[in-house]
Amino acid sequence: MKNQLTKSIAIGLVALSVWNCKTSDPEPTPYESGVFILNAGNFSNNNGTVSFLSRNSNTVATNIFQTANPSLVLSGGVQGYTEVNGKGLILVDNSTAGQDKVEIVETGTFVSRATLKTPNIENPRQVIAVGPNKAYISCWDVSGDYSAGTFYKDPGYIAVVDLNTNTVTKKIPAVKGVEKMVVSGTEAFVGSNTYSGDQTLLIVDLNTDTEKQRIAFGSTPEPIALDATGKLWLQAGKDLVQLDPASRVVAKRLTFAAAPGSVTISADKKSFYYTLSGKTYTISTDATTASGSIVISRSFSTLGIDPQTNRIYGTQNPLLYTQAGYVIRYESTGTLVDSVKAEIAPSGFYFR
Amino acid sequence: MAIVLSTGRSSFAQTDSLIAAMNRVETAVPLSAVTVRDIAPERFLAGQKLQRIDSTILLQFKFGSLTDLLALNTPLAFKNYGPGQLATIAFRGTSANHTAVLWNGININQPNLGQTDFSTLPVAGFDRLAVQYGSSASAVGSDAVGGSILLGSNPGWKSGIQATIGQQLASFQNNQTQVGVRYASALGQSWKLSGKTFAYRNQFNNAYPYTERQHYFLEPSTTAQRGFIQDLYFLHKSGRQISINAWLTDNDLIITPQDTIARERTRTQSARLLATYEANRMTFRVGWIRDVLDYAKQNFDNPSHTETERLISRAEREFALLSGTNRQLNLRIGGEWSHYRTRTDGYGGQLIQEDRGDLYALLRFQTTRWLVSANIRQAFVTRFNPPITPSLGAEYQLVKRDRFKLTAKGSVSRSYRVPTLNERYWIDLGNPNLLPESGLNFEAGLAANTPLSDRVNLTTELTGYHNRVDNWTYWNPTTNYHVENLQLVVARGIEFNTNLTYVQNSWRAGLRLGYALTRSSQERAYDAYSQDVIGKQLVYVPIHTGTLNAYLQHGQTRLSVQMQANSRRYITFDNSQFFKGTTLTNILLEHSLTWKTVPIRVQGQVNNVFDALVVGVKRNALPGRNGAINLIINFPSL
């Protein structure tokens, strides 16, 4: 009995010293290279997370924000993520008004540095880098009753974040249901959510953080990306539209049979991937008709293209967001690589 | 190690069922002498656990919610959305739809949702509370799959008029007021009248001095509750009785009231009326229940509206087939008919009507050592075919000594649940062809009563159960959220409770411990993803729960400690996410005094003494340490 006690104390001490050794190592940067999976969570459960997937692994590290910050909590759906000069901005959308936030973390470690909250942040939708230490966050603002048609506040706004001070310095009035933003030169092209019904393409001057122009677009514009030639692509219902950002003139319009889903630009910015009628297609930016070629004979709720490997990432969710969804990886040719269990409702990727 | 720790952390617990069970055997009065007024589940479910909550506890929770009372005194788990917000029950590992809530013997679950929001039922609304464990469809009907909560009114026959006023002042600018009168008098030579008129209003402003606790937000909300109770009993010297019971409730919940765009209002109003005539061994009941549910966001003027009415009638006759002093055999036969009318925006707004009927026969046999019941029920529902539900239960006193009594119990019963009106009639999603869920429940237990000395008494009860529920409904996302009978849930568990009491002169002390192990899981594969779910613990059902209640009383002063602990609660079907286990501790100090012949009871309570962090379903923190002062003045008879 006494022997056993001595033994267990000894084992305990060894374990403790090993643990001590481990913690005295220099701070590791576990999330240096790989893929962040943004999990929206189940809406009213406010249980979104960010998981990390290494390129050569097929298991994710779950809820890495909580791992890096045990005393903090995201408490909302993860709506977006981007990095600006060593800082990561996580958009967190809570089902209760006044409880949305943006967590600012150190890239690589995910250690929290600051939190932006209400009233500066309300229904954050997308975050983009617009300068060496500046980010724009599109926000719907407080949402009302959907069935009464007052869900989208008019207008929503863009929160300007100064990452030197980690504060919101300004709210730029934008458009109703403001959502996707793409930067071209010193301008941001800003559109809105299809369901908002707003048909304005807003152009914001990045130097002054003010509105520069509003273009009536005819249908709801959703900016996607700049292609290899520097042209801006937008989705407008069933159409993919190529626009010259300098002259604001529409260069080309591809009209599909139905609205293409998850339109994502390739690593070389010379083609798009999208889903349509249960399949995943690719189409060149040089195409003149809306006829892509099938890459994968199934569709996904979200697509992502890894710029390092050109691999296609797709998300597949059990339809109830009460159990983990999956991320399925393919080579750019459409060959299946593997299927990885993520967390609740994976619905976005960030590759680094 | 982890298992040991988590078990240790949560092993506390509950109950008074033992005393009740013991008393049931001990004080068996020949039935011919009394008019049987017990509702069926209290009398015809031999072998099943029945926990009567004693009046001391009801008095302690006079300003409390039913949720808190049950959580602190039973192993029942609650899915709680926040203070004053929706709270649904998980009884022995079943869902919110699987607990029948009876008020004076009538099921008052809201029929559209098939469940009760326990936050809308303050303890002030009833005089009696018991918890019937396990399936009891044969005696109760639909919904009694995991168990039943029995609420009831009690007549008081003390002559005169007694008025009572109660006021609570609590943290966060919350307050409650209760006003009531009880009266009794003779009405001529043959009749006696007893009545109670009682009203309450509870205002929960939830003005927290903080917006976050340990980085979890607190959700701003207000709840205004009002209630009115009217009971009248006319008792004839022959034993015939006419009783009228009414309970009106109005619950008005507003989430984020300060934000005029995002605010949400849920208003629940219920009216419950019941008339009962009891003569000899006949009972007739007529009831009417109206439930209104209004939900609105932003603009409160034009809410989404749900309105359901039920007309209920029931007739029962009890036969004493044997009525010796050592052997009694009783048969109760009964029939029930209800008419439902619902007008619900989600069903298209048109009037939908249906009829439900039940026929049942309940048999009870009692000797000095045996108590056996055998029951059978067949329900009939318009456009629907519920199964026949029998049950058989027995209790046998194994040891019957002065200082030690041991009773063995066992029962087997079938149960069913008529799908909710939403499940059948909701536009596009509802499924009129649903089958009833059907359950099979086994349980067995041992109950012991050990008077250790003249001053110390110990009661202990251990129960194990296995409840298999098939055709469990599921809003199936792969068929556009149509409701289907897809799941098979198996719940099994162990419940242990013990109660130690000590009495000497003006001193009293007591300790009640309860522990429950609840393992409940979905067992059938029905889609490509169910492999991740099969065998996993159901959400919001902790595997380990415990309660500890201790008190020390000297004269008119009593100090009580109430503790509730539970292990982690999974929040996703695949158990990939969970809320950590928690322990909540409340302290209550009570003192009764008499001021110029007016008895006054003062209660001071500190809730969540250790400021534990408990998280609600929406991942919001529940409030930290908080307090209340309660004053109850009972004016003497006029």
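Buried residues make up 47% of the 352 residues in chain A; a residue is called buried if 20 or more other C-beta atoms, placed from the backbone, lie within 10 Å of its own, exposed if 12 or fewer do, and partly exposed in between. This is a predicted model, in which local features need pLDDT of at least 70 and side-chain atom pairs count only at pLDDT 80 or more, while totals for chains, interfaces and linings use all residues. Residues are numbered from 1 along each chain as its sequence is written, and chains are lettered from A and ligands numbered from 1 in the order in which they are written.

Chain A contains two helices and 27 strands; helices (H or I, at least four residues) and strands (E, at least two) are DSSP runs, numbered from the N terminus. The radius of gyration of chain A is 22 Å, close to the 20 Å of the globule rule for 352 residues, so chain A is as compact as a globular protein of that length. This radius is taken over C-alpha atoms, and the globule rule is 2.2 Å times the number of residues to the power 0.38. Along its principal axes, the C-alpha trace of chain A spans about 85 × 45 × 40 Å. Of the contacts in chain A with a separation of 6 or more, 41% are between residues 24 or more positions apart; two residues are in contact if their C-beta atoms, placed from the backbone, lie within 7 Å.

Consider next the interior. The largest nonpolar core has 89 residues; such a core is a set of buried Ala, Val, Leu, Ile, Met, Phe, Trp, Tyr and Cys residues joined through C-beta atoms within 7 Å. Strand 9 (residues 157-162) of chain A supplies the largest share of this core, five residues. At least three residues of the core come from each of domain 1 (29-115 + 333-352) and domain 2 (119-226) of chain A, with domain bounds taken from an automatic or database domain assignment. Among the residues with the most contacts inside the core are A:I37 and A:I137. Not counting residues up to four places away in sequence, A:I37 touches residues including A:V50, A:L53, A:V327 and A:F349.

A:I137 leads to strand 8 of chain A. Five of the six residues of strand 8 (residues 134-139) of chain A are buried, so this strand is largely enclosed by the rest of the structure. Strand 7 (residues 124-131) of chain A runs antiparallel to strand 8 and is joined to it by six bridges; two strands pair if DSSP finds at least two bridges between them. A hairpin through two residues connects strand 7 to strand 8 of chain A, and A:V127 stands opposite A:I137. Strand 8 of chain A also pairs with strand 9 of chain A in the antiparallel sense, over six bridges, where A:K134 has A:D162 as its bridge partner.

Chain B has seven helices and 33 strands. Of its 638 residues, 47% count as buried. Helix 5 (residues 66-73) of chain B is mostly covered, with eight of its eight residues buried. The elements that cover them include helix 4 (55-60), strand 2 (77-80) and strand 27 (544-554) of chain B.

Finally, the two chains meet: 28 residues of chain A are in contact with 26 residues of chain B. The chain A side of this interface divides into ten nonpolar, 15 polar and three charged residues. Here Ala, Val, Leu, Ile, Met, Phe, Trp, Tyr, Cys and Pro count as nonpolar, Asp, Glu, Lys and Arg as charged, and the others, Gly among them, as polar.
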